[in-house]
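Here is a walk through one protein model, helix by helix and then residue by residue. Have the structure open as you read.

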Amino acid sequence: MWDGIIYIIAQVLTFIANFVGDWGLAIIVLTAIIRILLTPLTVSSTRSTAKMQVLQPKMMEIQTRYADDPLRMNEEMQKFYSENKFNPLGGCLPTLIQMPVFFALFSVLRYQIPEGAHFYGVFESLAITTNDAVSSLGIVGAWVYVLFVLAFGILTLVPMLLNTQSDSPQASQTKIMGAVMALMMIWFGWNVPVGVVLYYVTSSAWGVVQQVFITRKVMEKAKADEAERMANQPVSIDVVRKEHKPRPHKKG
């Protein structure tokens, strides 16, 4: 199956490259096609994320109430998810679906594209890594490679900052985690073919623009709808009945 995914990506990328006349532009076009196809799923994921933010206080309340009883906590959380028709993994689907493409593209660029495949001369080769470019051209000669790797990390951080509410108690923790992720992605991008970095930078830039102009509106509406639903939901009372012990019989 994995070889099949690599074969499909290679054939599609080759077709686009032959059509547009440049391998770098072909990667950008492929990225745009994938993002357009994923748009309905991205909107659904955004609604799921908004729903999670609205339901978060109630989930934390359940976790606190049953902190000493993990089994009961899990049961109550599953019940809560079912009652509210919520899938905790719903917000991750677009990323999970893109991962096979991301890693398949790594193999295609490393082994299957022509040696001279470039991006309008901006990158001499889409198959080499930034590390290779710096080693052969020096830091000054490979500045565009380095710039793209830095963008690779920054565009990992930006969506997390856009999604983080400044008044949220987890805001500082999210920023720290985002900074660590950005550094990890820079390290990762330093050692993968620059064509993969081009794909990720294009995809992330698309995501940021989409988030600013579309996702926020979807998020705000989804939050308002979910908050209204929660407000109109009947109040449930968790009653814990005491066990009645049989009264001792008086001795005659």
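Which exposed residues sit on the face of H1 turned away from its buried side? They are Tyr-7, Ile-8, Phe-15, Asn-18 and Phe-19. Before going further, bear in mind that this is a predicted model.

**Overall picture**

The protein has eight helices and zero strands, so reading along the sequence gives α-α-α-α-α-α-α-α under the DSSP assignment of helices and strands. Of its 252 residues, 37% are buried. Take the contacts between residues at least 6 apart in sequence: 73% of them join residues at least 24 apart. The accessible surface comes to about 16100 Å², and carbon and sulfur atoms account for 64% of that.

**Two helices side by side**

H1 and H5 make a handy pair to look at.

| Helix | Residues in helix | Span between end C-alpha atoms | Expected span |
|---|---|---|---|
| H1 (2–20) | 19 residues | 27 Å | 27 Å |
| H5 (130–141) | 12 residues | 11 Å | 16 Å |

H1 comes out close to its expected reach, while H5 falls short of what a straight helix would cover.

Now for the buried sides. In H1, the buried residues are Ile-6, Ile-9, Ala-10, Leu-13, Ile-16 and Ala-17. Looking down the axis of H1, these fall within an arc of 140 degrees, so they line one face of the helix. Just after H1 comes Gly-21, with a positive phi near 85 degrees.

H5 buries Thr-130, Ala-133 and Val-134. Seen down its axis, the buried residues of H5 fall within an arc of 100 degrees, so they too line one face. Ser-135 and Ser-136 are exposed on the other side of H5.

**The nonpolar cores**

The largest nonpolar core has 43 residues, and the members touching the most others are Leu-13, Ile-113, Phe-123 and Leu-126. At least two residues of this core come from each of H1, H2 (23–65), H4 (93–111), H5, H6 (143–163) and H8 (194–231). H8 gives the largest share, eight residues.

Phe-123 is worth a click: leaving out residues up to four places away in sequence, it touches His-118, Val-144, Tyr-145, Phe-148 and Val-194. Another core lies apart from the largest one and has seven residues, including Leu-55, Met-59, Ile-62 and Phe-80.

**Two buried polar residues**

What does Asp-22 touch, not counting residues up to four places away in sequence? The list is Ala-17, His-118, Phe-119 and Tyr-120. Asp-22 is found in the loop between H1 and H2. With a relative accessible area of 3%, Asp-22 counts as buried, because the cut-off is under 20%. Its side chain reaches the backbone nitrogen of Tyr-120 at 2.8 Å. Asp-22 and Gly-121 are 99 residues apart along the chain, yet their C-alpha atoms are separated by 9.8 Å.

Ser-203 belongs to H8. Buried or exposed? Ser-203 is buried, at a relative accessible area of 5%. Its side chain joins that of Arg-35 through a polar contact of 3.1 Å. Setting aside neighbours within four places in sequence, Ser-203 is in contact with Thr-31 and Gln-98 as well as Arg-35.

Note on methods:
Residues are numbered from 1 along each chain as its sequence is written. This is a predicted model: local features need pLDDT of at least 70, side-chain atom pairs count only at pLDDT 80 or more; totals for chains, interfaces and linings use all residues. Side-chain values use heavy atoms; hydrogens and water are left out. Helices (H or I, at least four residues) and strands (E, at least two) are DSSP runs, numbered from the N terminus. The expected span of a helix is 1.5 Å times one less than its number of residues. Buried means under 20% relative accessible area, exposed over 50%, partly exposed in between (1.4 Å probe, protein chains only). The arc is that of the directions from the helix axis to the C-beta atoms. A nonpolar core is a set of buried Ala, Val, Leu, Ile, Met, Phe, Trp, Tyr and Cys residues joined through side-chain atoms within 4.5 Å. Contact means heavy atoms within 4.5 Å. A polar contact is a pair of N or O atoms within 3.5 Å; within protein, one must be able to donate a hydrogen and the other to accept it, and residues adjacent in sequence count only if both atoms are side-chain atoms. Accessible areas come from the Shrake-Rupley method with a 1.4 Å probe; for residues, only the protein chains shown count as cover.
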